[in-house]
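Here are my notes on this model, written as numbered points. Please keep the structure open as you read.

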Amino acid sequence: MFSSPPPPPSYVPPSLPSRRHLPAAPPRHALALGVGLLLLSLLFALLIRLDRRPFFQGVDERWAAAVDRSSGGASAEPGGFLVVLDRLGGPLGLVLPLVLIGCLCVYGRWRSGLFVLLAAVVANALVVLPVKQLADRPRPPHPWVLVNDGSYPSGQVFGAVTLVIVVAVVVFPPCARRWWWAFGAAYVLAMMGSRTWLHAQWLSDTVAGALLGAGTCLVLWRLLAPLLEAEAERMASNSLWL
């Protein structure tokens, strides 16, 4: 007897290219960690509001005295690097994220642009300013640069942290991201040091700015994860504009 011919192989649809690693996916428990950092920052702001001399004021004053001795006291003038950091922490610092947003949108990556806009631009007004008003903390005496009211938290450090995180998420692939994290950490620490060196903020203000910036980015990163994942899949299939 003749055997029946073997059945034709089942059709296997062509697989899409492997998913790229941009933008990066949020870490596990990003939302819980981000909310925790935000609540911690708010708790310390409330503590400052209720007690003008909180338990960490002594550490702030000792750090300020040590910085004052190292800098040469009131006769010293801020150097060029400190001036650059002060300008980057001010309104001029918003130029960098705005340029990044424009570049992302040109290439059809409006979802990443939205993440950068919310984390690095909008949050600076909707998060930092209300916390400043809640704490209402006076600046250290005799700042070397022009400052406004409200020392806690540091808006300059907040901006530095958010810029470092959003760039890591939307710009660098995993192989280069580790080097960016090292550079970003050095930049944030330099910004924190410059604020205390310039007598513009207390040490705890800079720490709070870093915590608030990281918390804000983690929360937005997790909330916008579906949009960012959709963008990553479109990048993998070369269909960003569809």
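1. Start with the charged network. Asp60, Arg137 and Asp205 are linked in a network of salt bridges. Keep in mind that this is a predicted model. Within the network, Asp205 pairs with Arg137, and their closest N and O atoms are 2.7 Å apart. Asp205 sits in helix α8 and Arg137 in the loop between α5 and α6, so the pair ties together parts that are 68 residues apart in sequence. Are these two partners buried or exposed? Asp205 counts as buried, at 0% relative accessibility. Arg137 is buried as well, at 4%.

2. Now the overall picture. The protein has nine helices and zero strands. Along the sequence the pattern reads α-α-α-α-α-α-α-α-α. Of its 242 residues, 43% count as buried. Take the contacts between residues at least 6 apart in sequence: 80% of them join residues at least 24 apart.

3. Arg139 deserves a close look. This residue lies in the loop between α5 (110-135) and α6 (155-170). Arg139 is buried, yet it has no salt bridge. How far away is the nearest side chain of opposite charge? That side chain belongs to Asp205, and the distance is 6.3 Å. A salt bridge requires a side-chain nitrogen within 4 Å of a carboxyl oxygen.

4. What does the side chain of Arg139 meet instead? It makes a polar contact with the side chain of Asn148, at 2.9 Å. A polar atom of the Arg139 side chain also lies 2.9 Å from the backbone oxygen of Ala200. Leaving out residues up to four places away in sequence, Arg139 touches a list of residues that includes Lys132, Val147, Asp149, Arg195 and Trp202.

5. Other salt bridges. The whole structure holds seven salt bridges. One joins Arg53 to Glu61, with the closest N and O atoms 2.7 Å apart. Arg53 is partly exposed, with a relative accessible area of 48%. Glu61 is partly exposed too, at 32%. Another salt bridge joins Arg87 and Asp86, at 3.0 Å from N to O. Here Arg87 counts as partly exposed at 47% relative accessibility, whereas Asp86 is buried at 12%.

6. Backbone points to check. Most residues other than glycine have a negative phi, and most peptide bonds are trans. His142 has a positive phi of about 55° and is not a glycine. This histidine is found in the loop between α5 and α6. His142 counts as exposed, at 68% relative accessibility. His199 also departs from a negative phi, with a value of about 60°. His199 lies in the loop between α7 (174-197) and α8. Unlike an exposed residue, His199 is buried, with a relative accessible area of 11%.

7. One cis bond. Which residues does the cis peptide bond join? The bond is between Tyr152 and Pro153, with omega about -5°. Pro153 lies in the loop between α5 and α6. His142 and Arg139 are found in that loop as well.

8. Helix α9. This helix covers residues 225-236. At 1.5 Å a residue, its 12 residues should span 16 Å, and the end C-alpha atoms are 16 Å apart, which agrees. Which residues of α9 are buried? They are Ala225, Leu228, Glu231, Ala232, Met235 and Ala236. These residues cover an arc of only 140° around the axis, which puts them on the same side of α9. What covers them includes α5, α6 and α8 (203-223). Just after α9, Asn238 takes a positive phi of about 55°.

9. Finally, Leu134. This leucine is found in helix α5. Leu134 is partly exposed, with a relative accessible area of 31%. Leu134 and Leu46 are 88 residues apart along the chain, and their C-alpha atoms are separated by 6.7 Å. Setting aside neighbours within four places in sequence, Leu134 is in contact with Leu42, Ala45, Leu46 and Arg49.

Conventions:
Residues numbered from 1 in each chain as written. Predicted model: local features only at pLDDT ≥ 70, side-chain atom pairs only at ≥ 80, totals over all residues. Heavy atoms only, no water. Helix = DSSP H or I, 4+ residues; strand = E, 2+ residues; numbered from the N terminus. Buried < 20%, exposed > 50% of the residue type's maximum accessible area, 1.4 Å probe, protein only. Lys, Arg positive; Asp, Glu negative; His and termini not counted. Polar contact = N/O pair within 3.5 Å; in protein donor to acceptor, adjacent residues only side chain to side chain. Contact = heavy atoms within 4.5 Å. Expected span 1.5 Å × (residues − 1). Arc of directions from axis to C-beta.
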